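Please find below my remarks on the model under review. They are set out as numbered points, each of which may be read beside the coordinates.

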Amino acid sequence: MADTAKTAKLTVAKHRSNLEALRDDVTERLARLEVAYDELATTGDDVGAGDDEGGSEGDGAAVERDRIRSLIAEEQLTLEAITAAEERSQTRGWQQCVVCDGPIGVERLDALPTADRCVTCKARQSW
Ligand SMILES: [Zn+2]
């Protein structure tokens with residue numbers, strides 16, 4: 001309640017509730033995306049049969065479907081990250097970077113509950 005001072009502390013309870021809120025968000029987005037995907041899948045195909053040899057590319061629905069599918073894949077990755085973060089929150093090292101064991105940083109964890117490494121290690125990681 002009296003949360004006037006800028007809290008430099010993140011409790012594990014707060015962290016978990018952040019994760020829960022994030023999971024709710026992602027689950028909801030995922031559900032919407034899946035509905036949109038299904039709608040496209042049913043309205044999008046005309047003459048179902050016949051092998052398409054990548055010929056029906058002019059079909060905007062196919063492009064949209066691909067886009068939605070990659071969004072779904074992204075959200076699923078986020079869900080996995082949330083699950084991993086929840087598991088970490090059961091351990092004493094929940095605020096520690098998985099790479100260097102240093103602190104991830106309260107503000108960073110608060111803003112990004114799925115973060116599993118500190119800024120330095122994150123920056124070093126090249127995709
Ligand atoms: Zn680190």
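1. Pro103 counts as exposed in this predicted model. The reason is its neighbour count: 12 other C-beta atoms lie within 10 Å of its own, and a residue is classed as exposed if that number is 12 or fewer. Pro103 is situated in the loop between helix 2 and helix 3.

2. Which residues does Pro103 contact, once its neighbours within four places in sequence are left aside? They are Gln95, Gln96 and Cys118. A further distance concerns Gly93, which is 10 residues from Pro103 along the chain; the C-alpha atoms of the two are separated by 9.0 Å.

3. Asp101 belongs to the loop between helix 2 and helix 3, the latter covering residues 106-111. Its backbone deserves a remark: phi is near 65 degrees, a positive value in a residue other than glycine. Is Asp101 buried or exposed? Asp101 counts as exposed, because 9 C-beta neighbours are found inside 10 Å.

4. Helix 2 comprises 29 residues, from 60 to 88. At 1.5 Å a residue the expected span is 42 Å, and the C-alpha atoms at the two ends of the helix are 42 Å apart, so the expected and modelled values agree.

5. Which residues of helix 2 are buried? They are Ile68, Glu75, Ile82 and Ala85. One general point may assist in reading such a list: an α-helix has 3.6 residues a turn, so residues three or four places apart point the same way. The list includes a glutamate, Glu75, beside Ile68, Ile82 and Ala85.

6. Arg69 also lies in helix 2. Arg69 is partly exposed, because 14 other C-beta atoms lie within 10 Å, a number between the limits of 12 or fewer for exposed and 20 or more for buried. The C-alpha atom of Arg69 is 8.4 Å from that of Glu34, although the two residues are 35 apart along the chain.

7. As to the chain as a whole, there are 4 helices and 0 strands, and the order of elements from the N terminus is α-α-α-α. The chain has 127 residues, of which 9% count as buried. How are the contacts distributed along the sequence? Among those between residues at least 6 apart, 63% join residues at least 24 apart.

Definitions and conventions:
Residues are numbered from 1 along each chain as its sequence is written. This is a predicted model: local features need pLDDT of at least 70, side-chain atom pairs count only at pLDDT 80 or more; totals for chains, interfaces and linings use all residues. The expected span of a helix is 1.5 Å times one less than its number of residues. Two residues are in contact if their C-beta atoms, placed from the backbone, lie within 7 Å.
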